[in-house]
Amino acid sequence: MANTYTWNFPTLERKATEGDLSDVVKTIHYRYTATSDQNNADGNPYSATVYGTVGLGDADSASFTAFDSITADQAILWTLAGLDKTEAELQTALDETINNQITPPLIKGVPSGW
């Protein structure tokens, strides 16, 4: 099984001004999705997603990046720092979720004779 991983940042919340800085990102909304190369019974690939928000601290004028200059790679780094996780740790959690979809650790049901 091989999974592919995709970051998505639907929204970056920002303050118009903070000190002498403009358009300061304060909150990152993120989604990190793993998609399997195996399909479920419906013919769709197995997938798992983690999502949420990460708050950023006060802006530092020495390392400030203008809003229109922020890259997706930078948003990934900020998100991982805010989560105190590595990308590998997120991938491991997503892989486990997909593995549990493929081979459920518990199977629901009742005996056929009931």
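In this predicted model, Y46 touches residues from several parts of the sequence. Setting aside neighbours within four places in sequence, Y46 is in contact with A34, T35, S36, Q38, N39 and N40. The contacts of Y46 also include I98, Q101 and I102.

Y46 belongs to the largest nonpolar core, which has 12 residues. Two of the contacts of Y46, A34 and I98, are members of this core as well. The other members are W7, Y30, Y32, A48, V54, I76, L80, L90 and L94. Four elements, β2, β3, α1 and α2, each give two or more residues to the core. In soluble globular proteins, nonpolar side chains tend to be buried together.

Helix α1 spans residues 72–83 and has 12 residues. From first C-alpha to last, α1 reaches 16 Å, close to the 16 Å expected at 1.5 Å a residue. Five residues of α1 are buried: Q74, A75, I76, T79 and L80. Of these, I76 and L80 are also listed in the core. The cover over the buried residues of α1 includes strands β1 (3–18), β2 (21–39) and β3 (45–55). Helix α2 (87–102) is also part of that cover. Just after α1, D84 takes a positive phi of about 55°.

Strand β1 contains E18. E18 counts as buried because its relative accessible area is 15%, under the 20% cut-off. Leaving aside neighbours within four places in sequence, E18 is in contact with V24, K26, D58 and A59.

Methods
Residues numbered from 1 in each chain as written. Predicted model: local features only at pLDDT ≥ 70, side-chain atom pairs only at ≥ 80, totals over all residues. Heavy atoms only, no water. Expected span 1.5 Å × (residues − 1). Buried < 20%, exposed > 50% of the residue type's maximum accessible area, 1.4 Å probe, protein only. Contact = heavy atoms within 4.5 Å. Core = buried A, V, L, I, M, F, W, Y, C linked by side-chain atoms within 4.5 Å.
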